[in-house]
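Thanks, everyone; I would like to take a few minutes to walk through one model with you, beginning with confidence and then turning to some side chains.

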Amino acid sequence: MTKHEEQQLIKAVLAGDTGAFEALVKANETMVYNLALHMLSDPQDALDASQEAFFRAWRGLDSFRGDSKFSVWLYRLTGNVCLDMLRARRDSLPLTDAEGRELPLTDSRPSPEEAAERSERRQAVREGMARLEPEFRQALALRELCGLSYAEIAQAAGLEPGTVKSRIFRARQKLAAILTAEGNIFGPEPSYEGKDTSGKGGAGHV
């Protein structure tokens, strides 16, 4: 959905059209849920967080200024809800820094023969991400899952772009160390980023 389309729907919502908000929900509900799932590692918690994020969006829509896309603003709300839940659960684990390589967190058109291995890979990555500190988990999920650029992540998370780059780099190192320690580093695959140096990624399917 384009920014213009989002703005038209938001105007309709503010004018009293509840159906317009349902359209915004449908356009974003899968990505919001997946983001919450990768941050919380629990389907029911992810569902609760998604519902709370959309509720906050509905309640605060009149304060949305439109500086960014609605979806980016919504991802920020989702991230904040998840961080609140993680703090309440007190489940983040301290990890030590380790050298690692940038991990390909996305799977591109797996063949039937590779389906089982790739499913195992995705599960291993999800479990590894669950062990990252919340701020690293959020940055990595926004980059690899939602496909946001560094600038968009900075806007969504309220951070400086340099901080975002640092967090994503460190998150990949930490995740690599976790997966290596668990014996879950598989053969290298191309990242969806390829040689992209623009800071703009594509949506993943971790």
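I will start with how far the model can be trusted and then move on to the aromatic residues and one helix.

Please keep in mind that this is a predicted model, and that the protein chain averages a pLDDT of 76, with 73% of the residues scoring at least 70. Among the elements, helix 3, residues 43-60, has the highest mean pLDDT, at 91, whereas helix 5, residues 115-129, has the lowest, at 73. Over residues 91-108 the pLDDT is below 50, and this stretch nevertheless has 48 contacts in the model beyond near neighbours in sequence. The pLDDT is also below 50 over residues 186-206, where the corresponding number of contacts is 54.

Now to the aromatic residues: the structure holds four aromatic pairs. In one of them, the ring centres of Phe64 and Phe70 lie 6.1 Å apart with the planes at 85°, and the pair is therefore edge-to-face. Phe64 also pairs with Trp73, with centres 5.0 Å apart, but here the planes are at 35°, so this pair is tilted. Together, Phe64, Phe70 and Trp73 form one aromatic cluster. As for burial, Phe70 has a relative accessible area of 1%, Phe64 one of 14%, and Trp73 counts as buried at 17%.

Finally, helix 7, residues 150-157, has Tyr150, Glu152, Ile153, Ala154 and Ala156 buried. What sits over the ring of Tyr150? That is the charged end of Arg143, 4.4 Å from the ring centre. After helix 7 comes Gly158, whose phi is positive, near 70°.

Conventions
Residues are numbered from 1 along each chain as its sequence is written. This is a predicted model: local features need pLDDT of at least 70, side-chain atom pairs count only at pLDDT 80 or more; totals for chains, interfaces and linings use all residues. Side-chain values use heavy atoms; hydrogens and water are left out. pLDDT is the predictor's confidence in each residue, from 0 to 100. Helices (H or I, at least four residues) and strands (E, at least two) are DSSP runs, numbered from the N terminus. Contact means heavy atoms within 4.5 Å. Buried means under 20% relative accessible area, exposed over 50%, partly exposed in between (1.4 Å probe, protein chains only). Rings of Phe, Tyr and Trp (its six-membered ring) pair if their centres lie within 6.5 Å; planes under 30 degrees apart count as stacked, over 60 as edge-to-face and the rest as tilted. A charge sits over a ring if NZ of Lys or CZ of Arg is within 6 Å of the ring centre and within 35 degrees of the ring normal.
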